[in-house]
Amino acid sequence: LCSGLYKGAAYASFACGFSNEVPQYANAIIKNVPFKESIETQYLLILSFETIKKHQETMTTGISVLRRLGFDTPGVPRLYFSHLVGGVSGTIPSVITESMSKVEDLASRCNVDGLIDCGQSKFDATKRDILKILDAVTLAAIYLQSPYFPNMVCESVSYALKQEYVSVESVSTFSLYCHLLIWLKEDYTEGRKWAMRAKRILESNKHSPSIRSHIILHAMALTWFLPLKESAQHFFKAYELGMKVGDVIHAMSALSFYLRYLFLDGTVKLCTLRSYYDQYMPLVVKYNRGMAKMSMAERVMVDLLVGECSNPFSIFEGMIPDENALLVDEKSSKDRIVSSGVYARRSTWHFLNGDYDEAAKWSKLRQALPKGSRRGLLNVFSDYTQGLLAFHMYRNGKGERYYDEGKKILHKMATYAKHSAQICMNKYLLLQAEAYACESEVEKAKDTYKEAIRYLKSRGRVFEQAHAYNLMGKYLSSILDIEFSLDCFRKAHKCYMQYEAFYLAKKLEKDHNLDLDDNKKGSDAVKRERGG
């Protein structure tokens, strides 16, 4: 009876968002029952550490439990995490490539696709628990930039395949392996295979929903292969499902990702998006404070674009009054994902304002963070801003190194666009146009700007259309094509107003003294323009 009461208190605390209270109840159970009977509680304890961002405790506790379950966690040489980015900053260490090769060989020999087609494996509590704890430990290793991360992912996949245990717990494992393939090897083709395998497993287990698996699948794997708005809808469905089954913590994570992806998509008008944040963020901060902190950079950006400050930090009830306090709050943790988001937000904002030196300062601060803090989808957007900034700094006479930096990012974006066109193609085209501008290839630059604008128009992405028109206008102004540049600025203004980015619209109007009457009666420039 006592054990049941403590377990109820632990689960109730977790469900109500009081994860910091879970350890006292969970440890009371763990100390007083046989190990085999404590596994479920051990996993809840590990999840509570994860939720309150105690990633070191998550790893330490998880590895200890895994070893007692008979799973020998992989040993790795002491590698600096910054070396684990093959194809970008260095060669992948051989211990990692060997582990990944073993996974691919095992997948081929055991016919992983055949296993998935056979449906859910026969239930085995020990195998399930090992996979669930491996999932939590692996995510903690990502946050900590731990050298355990790549080998832990490989060992998780290998374990599932060797045991022929393909279940909903395998979804996270396969999704993280997809992430590893893309992040380390830039192997999008093989990564897509593993993402689709994870998706098939999840779809065949609708009777046993796992909100956590939904989130990891779409945030770490399918995010590269789906339009942002479609991914956002998947996150919202995961949120609704989580609330129905009582998994409130993960429902709040899904809700945070939903808001982020809507913002990045740029098709939902800003005032509508701000109302979504105001509606949902008090709920998120109540049950999952860590995810609320990670959402604040986008929330601040929405206010800045609209041109009105609504004090979004009021949800923290004075504990975190502003963005600077948010950065101070994070310093006690090795996790720098919040800092990465804030620095990227500041760099982008100063770039949009034309303050390139200030934008460069925040971009450098972000680049100085551990590489594990700068991964995934958000890295695409910050890389893009960094590339634009580099080309603008070069054209402003800051030196050849900026041109070289811009070309390096252009090459990276070309790879992104090849495999994730729905997110990256317009960014690649605009970076290519900026490169042509640096190289005095006037006609190629004009044609490429226009191609990017046509691409965005066909997909209804109004904010990015405004951004593209603005970039083209700046370039045309720099080569003294004033009439055409003003036409671009007027079109950018119209798109900004449509998207409700009123601050940027007013800035354009002021900076270029735009005559917006009729927007603008069809000037001779518009009549002469072809395809713009």
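**Notes on this predicted model**

1. Let's start with Arg197. Leaving aside neighbours within four places in sequence, Arg197 is in contact with Val112, Asp113, Ile116 and Phe174. Keep in mind that you are looking at a predicted model. You'll find Arg197 in helix α10, which covers residues 188-203. Is Arg197 buried or exposed? With a relative accessible area of 9%, it is buried, because anything under 20% gets that label.

2. Now try Lys162, which belongs to helix α8 (residues 148-162). Its relative accessibility is 60%, so it counts as exposed, the cut-off being over 50%. If you want to find your way back towards the start of the sequence, look for Gly4: 158 residues separate it from Lys162 in sequence, and the two C-alphas lie 35 Å apart in space.

3. Next, the nonpolar core. How many residues does the largest one have? It has 188, and the residues with the most contacts inside it are Tyr177, Trp194 and Leu305. Helix α13 (residues 248-265) gives the most to this core, with 13 residues. As a bit of background, nonpolar side chains tend to be buried together in soluble globular proteins.

4. Leu305 deserves a click of its own. Once residues up to four places away in sequence are set aside, its contacts include Phe263, Leu270, Trp349, Leu352 and Phe463. Leu305 also touches a run of residues from further along the numbering: Glu500, Ala501, Phe502, Tyr503 and Leu504.

5. Have a look at helix α15 too, which takes in residues 289-306. From first C-alpha to last, its 18 residues reach 25 Å, close to the expected 26 Å. Where is the kink in α15 centred? Find Met296: the kink there is about 40 degrees. The helix is mostly covered, with 16 of its 18 residues buried. Right after α15 comes Gly307, with a positive phi near 95 degrees.

6. Last, the cysteines. How many disulfides does the structure hold? Zero. Take Cys309: the nearest cysteine sulfur belongs to Cys271 and is 14 Å away, whereas a disulfide needs the two sulfurs within 2.5 Å. Cys309 is exposed, at 73% relative accessible area. Cys424 is in no disulfide either, and its nearest cysteine sulfur, that of Cys178, is 14 Å away. Is Cys424 buried or exposed? It counts as buried, with 0% relative accessibility.

Terms used:
Residues are numbered from 1 along each chain as its sequence is written. This is a predicted model: local features need pLDDT of at least 70, side-chain atom pairs count only at pLDDT 80 or more; totals for chains, interfaces and linings use all residues. Side-chain values use heavy atoms; hydrogens and water are left out. Buried means under 20% relative accessible area, exposed over 50%, partly exposed in between (1.4 Å probe, protein chains only). Helices (H or I, at least four residues) and strands (E, at least two) are DSSP runs, numbered from the N terminus. The expected span of a helix is 1.5 Å times one less than its number of residues. The bend at a residue is the angle between axes fitted to the seven residues ending there and the seven starting there. A nonpolar core is a set of buried Ala, Val, Leu, Ile, Met, Phe, Trp, Tyr and Cys residues joined through side-chain atoms within 4.5 Å. Contact means heavy atoms within 4.5 Å.
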